[in-house]
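User: I'd like a close look at a single part of this model. Please choose one residue to start from, and work outwards from there in one connected account.

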Amino acid sequence: MEGNAALYMSIFGAAVAIGLPLAVVFAAHAQARASIAASEAVARQPEAAGHVWRFLILTLVLIESLVIYALVAFFILQAKIRLP
Amino acid sequence: MSGVELAHGANQTSIAPPEETWFHFVWLLTKDTRFPIPDWLFLCWLVIGGLVVWAWWTKRNLKPISTSANQTVAEWFVEAIDGLAVSAIGERGRAYTPLIGTLFIYILTLNLIGLLPGFMSPTSHPYVTIGLAIAAIASVHFIAVKELGIKGYLMHYIDKPLLGNPLTAWMVPVTICIHIVSEFAKVISLSMRLFGNIFGEDVVLYQFALLGLAAYGFFRGLIGLPPPFQMLFPFQLPVALLHLLIGVVQAFVFSLLTAVYIGMFLQHEED
């Protein structure tokens, strides 16, 4: 592999390796905030626990789906890494 | 097969299954024929057959008041899934309880069967989850066409508030494109969520089992433990408990999202 190509591939590999954890960090932050809000709501109104729980699951799933798009992109890009 | 190879196998297009299951002979028998049957496909059929037999047998032995544990469990399933469908879709959701319940029980079984020795979770293979997601979304669209008619179904893709104002009417083609893309994104996110969770959990289980074997090797060198003691360090047990939780949650999420997508289509009629 030529010098430029090796440099490109190493930067590319680092970017692929960093992208998914970056998405995971922010999604974890968002999910934590959603969980905090849900648990506060349940503590304030315990009789609404069922409804709050369903909304919480739905919200967590929608946040998670963004990470899943990052995962799909990761799988696609990871296949393009060529080792010298 | 090492964990790295397992992780790399995820994006290969080959359907060759891992070699650890008890059903590998099916693959060995059929891999050179025109219709090769991998382990995970055979396991899917096995699970379908088992669930059909279970449902048939439960229905045959139904009593007005439940006396068996089996019927109590089945009734609990039906009530819980019915409540889920009604809460996500509304009162008309009761008609789609069978669809949502089938998805839930089938995916739950597929997720949890990987915990038995000699089995694998077929949902840790992307083809299985992509097929499930396509089937779910296709039935969502079929139900939407059936309930709303072709015209109502197509109106779902047009945002009516934009049409009222001449300044925003030009945005309608853009939103149509966004709606169409989001339908494909639904398939991708449904399938990849299930696959990513179950496959990731499988890899973690595998690595922790390897860690236990490594610890056994260390102590065998140290104090001379004989081979039966290789089960002495079951590091994968806590992860297996987590797999139990994640399998149930992911099956629930898949069926809940299918119900929510049906509800999103059917809400338009009420507007």
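Analyst: Let's start with B:I100, which is in contact with B:I81, B:L84, B:A85, B:S255, B:T258 and B:A259 once its neighbours within four places in sequence are left aside. Here two residues are in contact if their C-beta atoms, placed from the backbone, lie within 7 Å. Bear in mind that this is a predicted model, in which local features need pLDDT of at least 70 and side-chain atom pairs count only at pLDDT 80 or more, while totals for chains, interfaces and linings use all residues. Residues are numbered from 1 along each chain as its sequence is written, and chains are lettered from A and ligands numbered from 1 in the order in which they are written.

B:I100 is one of the buried residues of helix 5 of chain B, alongside B:L99, B:L103, B:F104, B:I107, B:T109, B:L110 and B:N111. A residue is buried if 20 or more other C-beta atoms lie within 10 Å of its own, exposed if 12 or fewer, and partly exposed in between, with C-beta atoms again placed from the backbone. Helices are DSSP runs of H or I with at least four residues, strands are runs of E with at least two, and both are numbered from the N terminus. The 16 residues of helix 5 of chain B reach 22 Å from first C-alpha to last, close to the 22 Å expected at 1.5 Å a residue; the expected span is 1.5 Å times one less than the number of residues.

B:I100 also belongs to the largest nonpolar core, which has 43 residues; B:A85, B:I100, B:F254, B:A259 and B:I262 have the most contacts inside it. Such a core is a set of buried Ala, Val, Leu, Ile, Met, Phe, Trp, Tyr and Cys residues joined through C-beta atoms within 7 Å. Each of these supplies at least two residues of the core: helix 2 (49-78) of chain A, and helix 3 (39-60), helix 4 (69-89), helix 5 (97-112), helix 6, helix 8 and helix 9 of chain B. Helix 9 of chain B gives the largest share, 9 residues.

Now follow helix 9 of chain B to B:Q250, which is found there. B:Q250 is buried because 23 other C-beta atoms lie within 10 Å. Its contacts, leaving aside neighbours within four places in sequence, are B:N111, B:L194, B:N197 and B:I198. The C-alpha atoms of B:Q250 and B:L108 are separated by 8.0 Å, although the two are 142 residues apart along the chain.

B:I198, in turn, sits in helix 8 of chain B. B:I198 counts as buried because it has 28 C-beta neighbours inside 10 Å. Outside its neighbours within four places in sequence, B:I198 is in contact with B:N111, B:S121, B:T123, B:S124 and B:Q250.

Helix 6 of chain B, another contributor to the core, has buried residues including B:V128, B:L132, B:A136, B:V140 and B:I143. Helix 6 (residues 126-155) has 30 residues, yet its end C-alpha atoms are only 33 Å apart, short of the 44 Å that a straight helix would reach. A kink of about 115° is centred on B:G149, the bend being the angle between axes fitted to the seven residues ending at a residue and the seven starting there.

Stepping back, chain B has 9 helices and 0 strands, and 25% of its 271 residues count as buried. Chain A has 2 helices and 0 strands, and 5% of its 84 residues count as buried. The C-alpha atoms of chain A fill a box of roughly 65 × 15 × 10 Å along the principal axes. Its radius of gyration is 19 Å, where a compact globule of 84 residues would have one near 12 Å; the radius is taken over C-alpha atoms, and the globule rule is 2.2 Å times the number of residues to the power 0.38.

Finally, where the chains meet, 12 residues of chain B are in contact with 12 residues of chain A. On the chain B side, helix 8 (172-223) and helix 9 (236-270) are the elements giving two or more residues, and helix 8 gives the most, with 5. That side divides into 7 nonpolar, 4 polar and 1 charged, where Ala, Val, Leu, Ile, Met, Phe, Trp, Tyr, Cys and Pro count as nonpolar, Asp, Glu, Lys and Arg as charged, and the others, Gly among them, as polar.
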